[in-house]
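Work through the exercises below with the sequence and the model open. Try each task before reading its solution.

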Amino acid sequence: MLPPRFLLLLLLCFLSCRSFTITPTSRLVLNKALSIEKCKPRVLRAAGRGGEEDVDSDVVLTNLKTEEAKLMSLLTSVRSKKLAALRSKPLRIAVVGFGRFGQFIAKSFAKTSTVIAVSRSDYSKVAEEMGVEYYSLKDFDKVIATGVDVVVLSTSILSFSSLLSTLLPPLLSIGGTQPSTTYPLIVDVLSVKSHPRRVMLDSLPPHCDVLCTHPMFGPESGKTSWSNLNFVFEKTRLAGVTYPNPQSTLNDPSSGMDAAFSIDRVERFLSLFEEEGCNMVELSCEEHDKAAANSQFITHLVGRILGRQGLKPTPIDTKGFESVLQLIGSTNSDSFDLFYGLYKYNGNSMDTILKMKQAMEEVEAGLKVMERQDINAPGFGGDAGLLGFQRKSWKKDTPL
């Protein structure tokens, strides 16, 4: 069973979830939960001191535990209602690009949604085994005709623009006179964000809602669970309103778009990741790319550099070196196209490379400074001088 504190934190997360409005009642529950967490340590400290406070502390702690149990019960109820809401109106999701990653996310989507696999290559057998529909990419117009709520573009960074160009004719054929609810929500899952954001806003019909996302995990890191794995997203365009315009403009009736429908649909899609336990991180595409250059790209850069050295396991490996080998293995197992895409389509990547070079030069310079200062360093007397001194001493003190 999960610890009460952990369950309480989960409750706070669910009650503050974007797909729920914070009503006065739910806000009261949030404040009460925080109050319980603040009170318990004081009660426990008071009980530890002994004396007359013991009886009062016992009563207070018992009451706090009772309230905590009620909150955990409320958490269970909220989760049950949320799942029921998702299942009562399942999304129809087309996953365009049914390679390894596309199959990986489709398996999760299929738990509560209807999934349609779309790909250039023939993955019909894989789709059949997974229990999802399959269409060839050339028949994407038929997919649109069946009515889909969400189109997830699961492709490489390098081929993103060309794929979107292929999908545009069926999307444009819907016609601007149709209500906004006729158009699907378009979602990307690329490892860079500013590039797909710009391409989608420039290319897609204005009635198409746009959600930029980056699941910070893949088939390897998320093969057992998505719990506590980061999922980054930006609600780029909803009901014709482009981020970062104020949310209030979504309710402008002059737009002729159904804001309530757009908001509900995007929250239902995000809930698929919430229900898998992801750590939901709402971040602008620009902020994402700045952070990614200093985390994801530098990880791949270091892994590629070390991989070029041909490092192999040895009989005396330390835990640190084992971690180095794991880094090399995980980064070099990805395609070089991915690494190149992270470099080409993130404007912060070159700055990361330059900082890496500068850091290498500074470390090397630091070693040379110490080498010059250390009279015992190799080449400046060092071990050779020490050993010579030891030999002289041994010869002098050893009797003939």
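**Contacts along the chain**

Residues 24 or more positions apart account for 67% of the contacts (heavy atoms within 4.5 Å) in the protein chain with a separation of 6 or more. The model is predicted: local features need pLDDT of at least 70, side-chain atom pairs count only at pLDDT 80 or more, and totals for chains, interfaces and linings use all residues. Residues are numbered from 1 along each chain as its sequence is written, and side-chain values use heavy atoms, with hydrogens and water left out.

**Exercise 1.** State how many helices and strands the protein chain has, and what share of its residues is buried.

Solution. Take helices (H or I, at least four residues) and strands (E, at least two) as DSSP runs, numbered from the N terminus. The protein chain then has 14 helices and nine strands. Next, apply the burial cut-offs: buried is under 20% relative accessible area, exposed over 50%, partly exposed in between (1.4 Å probe, protein chains only). Of the 400 residues, 39% are buried.

**Exercise 2.** Describe how helix 10 packs on helix 11.

Solution. Start with the axes, which are lines fitted to C-alpha atoms, for helices over the stretch in contact; angles run from 0 to 180 degrees between N-to-C directions. The axes of helix 10 and helix 11 (residues 319-332) lie 8 Å apart, at an angle of about 105°. Helix 10 and helix 11 are therefore roughly perpendicular (65 to 115 degrees). Now list the residues. Helix 10 contributes Thr299, His300, Val302, Gly303, Arg304, Leu306 and Gly307; helix 11 contributes Val324, Leu327, Ile328, Thr331 and Asn332.

**Exercise 3.** Describe how helix 10 meets helix 12, then place Gln296.

Solution. The axes of helix 10 (residues 285-307) and helix 12 (residues 336-344) come within 10 Å and cross at roughly 130°. In helix 10, Gln296, Phe297, His300, Leu301 and Arg304 take part; their partners in helix 12 are Phe336, Leu338, Phe339, Leu342 and Tyr343. Turn to Gln296, which sits in helix 10. Gln296 has a relative accessible area of 16%, so it is buried. Beyond its neighbours within four places in sequence, Gln296 touches Ser191, His214 and Leu342.

**Exercise 4.** Is strand 1 largely enclosed or open, and what is its pairing with strand 2?

Solution. Four of the five residues of strand 1 (residues 92-96) are buried, so the rest of the structure largely encloses it. Strand 1 pairs with strand 2 (residues 114-119) in the parallel sense, over five bridges; pairing requires at least two DSSP bridges. Val115 in strand 2 is the bridge partner of Ile93.

Definitions and conventions
Angles under 35 degrees count as roughly parallel, over 145 as roughly antiparallel, 65 to 115 as roughly perpendicular and the rest as oblique.
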